[in-house]
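Me: I should like to learn how to read the features of a protein model. May we go through one together, step by step?

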Amino acid sequence: MRLIFLGPPGAGKGTQAARLVQKHGIPQLSTGDMLRAAVAAGTPVGLKAKAVMDAGGLVSDDIVIGIVADRIEEDDAKTGFILDGFPRTVAQAEALDAMLADKGLKLDVVLELDVDQSKLVDRIVKRAEEAKANGQPVRKDDDPEVFKQRLEAYNRDTAVVAPFYRERGQLKVVDGMKSIDEVSADIDSALDAIEVAG
Ligand code: AMP
């Protein structure tokens, strides 16, 4: 199964994608995680991405498309994957189309988590507090001011990606304001209703 999660930062894409990894045995490909790993390792990509990420902006399409193209070539992604945080622009969506078409593959579904943006800052503050309480690192971009920039970037560049897939009949919208378990159950029902390509 090849699936994309769309939705603003803090919508729960990472949490729900991690649950699908367990259920379906396919990897979660989070461009945010990949970029954070590149920053931590000090790679050339990480060096280019760090300042943009710290400011809540979007890393350039070229960089992100390059890392996804490499990642989907890896063995564990051969039978499917869950994209989390990509595509974030129409250019990225078009590049993904071209990558998949090259391999004769197709997307099965695009799931959008629909959320009330006015509630997201509270969610992100909670996520930072929980990480701190669990002794985990707090994401620098989960600072409320940076988070607002991330939401702005979403509304400016990424909100148009869902209509791109809706027009092609690939979009399913799930209410992301319910509890984590309820959202998971709704996602399961949405996935049960689709026919998965080989
Ligand atoms: P995320 O973990 O998905 O919230 O991503 C964290 C940050 O990484 C974003 O705020 C962007 O700076 C960067 N990033 C992640 N994915 C992308 C993408 N597909 N395009 C551009 N920037 C991205």
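Me: Which residues of helix 3 are buried?

Reply: Please keep in mind that this is a predicted model. A residue counts as buried when its relative accessible area is under 20%. In helix 3, which spans residues 44-54, Gly46, Ala49 and Met53 are buried.

Me: Why are these buried residues said to line one face of the helix?

Reply: One looks down the axis of helix 3: the buried residues fall within an arc of 75°, so they line one face of the helix.

Me: Which exposed residues does the face turned away from the buried side carry?

Reply: A residue counts as exposed when the relative accessible area is over 50%. On the face of helix 3 turned away from its buried side, the exposed residues are Pro44, Leu47, Lys48 and Ala51.

Me: How should I read a strand, and which residues lie on each side of strand 1?

Reply: The general idea is that side chains in a regular strand alternate between the two faces of the sheet. In strand 1, Arg2, Ile4 and Leu6 lie on one side, with Leu3 and Phe5 on the other. These residues are all buried, and both faces of the strand are thus covered.

Me: Why is strand 1 described as largely enclosed by the rest of the structure?

Reply: Strand 1 covers residues 2-6, and 5 of its 5 residues are buried, so the rest of the structure largely encloses it.

Me: In which sense, parallel or antiparallel, does strand 1 pair with strand 3?

Reply: To read a pairing, one looks at the bridges between two strands. Strand 1 and strand 3 (residues 81-84) are paired in the parallel sense, over 4 bridges. Within this pair, arginine 2 stands opposite phenylalanine 81. Strand 1 is also joined by 4 bridges to strand 4 (residues 109-114), and these two run parallel. There, isoleucine 4 has valine 110 as its bridge partner.

Me: How many residues surround the ligand, and which are the closest?

Reply: To describe a binding site, one lists the surrounding shell and then the individual contacts. The ligand is surrounded by 16 residues, and Thr31, Gly57, Gly85, Arg88 and Gln92 are the closest. By class, this shell has 6 nonpolar, 5 polar and 5 charged residues. Helix 2 (residues 31-41) gives the most to it, with 4 residues.

Me: Which atoms of the protein lie 2.7 Å and 2.8 Å from nitrogen atoms of the ligand?

Reply: An N or O atom in the side chain of threonine 31 is 2.7 Å from a ligand nitrogen atom. A polar backbone atom of glycine 85 is 2.8 Å from a nitrogen atom of the ligand. In addition, an oxygen atom of the ligand is 3.1 Å from an N or O atom in the side chain of arginine 139. The ligand taken alone exposes 480 Å², of which the protein buries 96%.

Note on methods: Residues numbered from 1 in each chain as written. Predicted model: local features only at pLDDT ≥ 70, side-chain atom pairs only at ≥ 80, totals over all residues. Heavy atoms only, no water. Near = heavy atom within 4 Å. Polar contact = N/O pair within 3.5 Å; in protein donor to acceptor, adjacent residues only side chain to side chain. Areas by Shrake-Rupley, 256 points an atom, 1.4 Å probe, with all protein chains shown as cover. Nonpolar A, V, L, I, M, F, W, Y, C, P; charged D, E, K, R; others polar. Buried < 20%, exposed > 50% of the residue type's maximum accessible area, 1.4 Å probe, protein only. Pairing = 2+ DSSP bridges. Arc of directions from axis to C-beta.
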